[in-house]
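Here are some worked exercises to go through with the model open beside you. Try each task before reading its solution.

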Amino acid sequence: MEFSSKLLEKAVNEMAQLPGIGKRTALRLVLHLLKQPSEQTQFLSQALTTMREEIKFCSSCHNISDVEVCEICNNPNRNHKIICVVEDVRDVMAIENTNQFKGIYHVLGGKISPIDGVGPSQLNIDSLVEKVKSGEIEELIFALSSTMEGDTTNFYIFKRIKDYSIKTSTIARGIAVGDELEYADEVTLGRSILNRVPFENTLKNI
Ligand SMILES: [Zn+2]
């Protein structure tokens, strides 16, 4: 791609670093911004910079939050004895949209994936195990996507907590194998949380 301007080229190259954005799309977006009033670009860059600098992760569940402890963890009307274990923030949003879950979450920040160099220590697993050890949790619901990495992660956590008296379940697989949780429709996802099954039942297949 030949550019008539170094400034344009730099902006396009930066934009093209984003996932799913190729150079052509990046060029289209940058040219769109050039057509808008310059404040528009300022609002965008300011919003991104402020978000990047000020955003926090909940000290309890690791969900993205504007405050130290997120709204969900802070809500006395939620059942703090039931924890839904998810991969990332998008899963919290998807499950919240179903309005079917009144417990709290634990965001792992990814899945165990040796190919991508992600081991258990890079994920928020120790803090989850500590919560289980505290004896205040009655049930863990594994709600990771049913990929090999998701299953590996579930099993790893299960092994670490199985000696504690706690119920473990996994969301019912109305969701096809390999589907990412965030793309499941709300009704299916809501139902799969309500119809969750004991985690041990899924181990027979391994
Ligand atoms: Zn939280």
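Two residues are in contact if their C-beta atoms, placed from the backbone, lie within 7 Å. Keep that cut-off handy, and remember that this is a predicted model.

**Exercise 1. Find what covers the buried residues of H6, and work out how those residues are arranged around the helix.**

Step 1: Start with the cover. The buried residues of H6 are covered by elements including strand S3 (79-86), S4 and helix H7 (148-161).

Step 2: Pick out the residues being covered. Helix H6 spans residues 126-133, and Leu128, Lys131 and Val132 are buried in it.

Step 3: Look down the axis. The buried residues of H6 sit within an arc of 100 degrees, so they line one face of the helix. The spacing fits a general rule: an α-helix has 3.6 residues a turn, so residues three or four places apart point the same way.

Step 4: Turn to the other side. Asp126 and Glu130 are exposed, and they are carried on the face of H6 turned away from its buried side.

Step 5: Walk off the end of the helix. Just after H6 you run into Gly135, with a positive phi of about 80 degrees.

**Exercise 2. Describe how H1 and H2 cross, and say which residues meet there.**

Step 1: Take the geometry. Helix H1 covers residues 6-15 and helix H2 covers residues 23-35; their axes come within 8 Å and cross at roughly 120 degrees.

Step 2: Name the arrangement. Angles of 65 to 115 degrees count as roughly perpendicular and those over 145 as roughly antiparallel, so H1 and H2 come out as oblique to each other. Their crossing is right-handed.

Step 3: List the partners. From H1 come Leu8, Ala11, Val12 and Met15, and they meet Lys23, Ala26, Leu27, Leu29 and Val30 of H2.

Step 4: Sort them by class. The contact of H1 with H2 has 8 nonpolar residues, no polar ones and 1 charged.

**Exercise 3. Do the same for H5 and H8.**

Step 1: Geometry again. H5 packs against helix H8 (residues 186-194) at an angle of about 90 degrees, and the axes are 8 Å apart. That makes H5 roughly perpendicular to H8.

Step 2: Partners. H5 contributes Ala94, Ile95, Asn97 and Thr98, while H8 brings Glu186, Leu189, Gly190 and Ile193.

Step 3: Classes. The contact of H5 with H8 is made up of 4 nonpolar, 3 polar and 1 charged residues.

**Exercise 4. Two residues that aren't glycines have a positive phi: His62 and Asn99. For each, is it buried or exposed?**

Step 1: Recall the background. Most residues other than glycine have a negative phi.

Step 2: Take His62, whose phi is about 70 degrees. His62 is in the loop between strand S1 (56-57) and strand S2 (64-65). There are 22 other C-beta atoms within 10 Å of His62, and since 20 or more are enough, His62 is buried.

Step 3: Now Asn99, with a phi of about 60 degrees. Look for Asn99 in the loop between helix H5 (89-98) and strand S4 (103-107). Asn99 has 9 other C-beta atoms within 10 Å, and 12 or fewer means exposed, so Asn99 is exposed.

**Exercise 5. Work out the surroundings of Val86 and Tyr156.**

Step 1: Locate Val86 in strand S3. Val86 counts as buried because it has 28 C-beta neighbours inside 10 Å.

Step 2: Check who touches Val86. Leaving out residues up to four places away in sequence, Val86 touches Asp91, Val92, Tyr105, Val107, Leu108, Ala143 and Leu144. Asp151 is 65 residues from Val86 in sequence, and their C-alpha atoms are 12 Å apart.

Step 3: Move to Tyr156 in helix H7. With 15 other C-beta atoms within 10 Å, Tyr156 is partly exposed.

Step 4: Find the contacts of Tyr156. Beyond its neighbours within four places in sequence, Tyr156 is in contact with Ile112 and Pro120. The C-alpha atoms of Tyr156 and Ile125 are separated by 9.4 Å, with the two residues 31 apart along the chain.

**Exercise 6. Step back and sum up the whole chain: how many helices and strands does it have?**

Step 1: Count the elements. The chain has 9 helices and 7 strands.

Step 2: Add the burial. Of its 206 residues, 26% count as buried.

Note on methods. Residues are numbered from 1 along each chain as its sequence is written. This is a predicted model: local features need pLDDT of at least 70, side-chain atom pairs count only at pLDDT 80 or more; totals for chains, interfaces and linings use all residues. Helices (H or I, at least four residues) and strands (E, at least two) are DSSP runs, numbered from the N terminus. Axes are lines fitted to C-alpha atoms, for helices over the stretch in contact, and angles run from 0 to 180 degrees between N-to-C directions. Angles under 35 degrees count as roughly parallel, over 145 as roughly antiparallel, 65 to 115 as roughly perpendicular and the rest as oblique. A crossing is left-handed if the near helix is turned anticlockwise from the far one by less than a right angle, and right-handed if clockwise. Ala, Val, Leu, Ile, Met, Phe, Trp, Tyr, Cys and Pro count as nonpolar, Asp, Glu, Lys and Arg as charged, and the others, Gly among them, as polar. The arc is that of the directions from the helix axis to the C-beta atoms.
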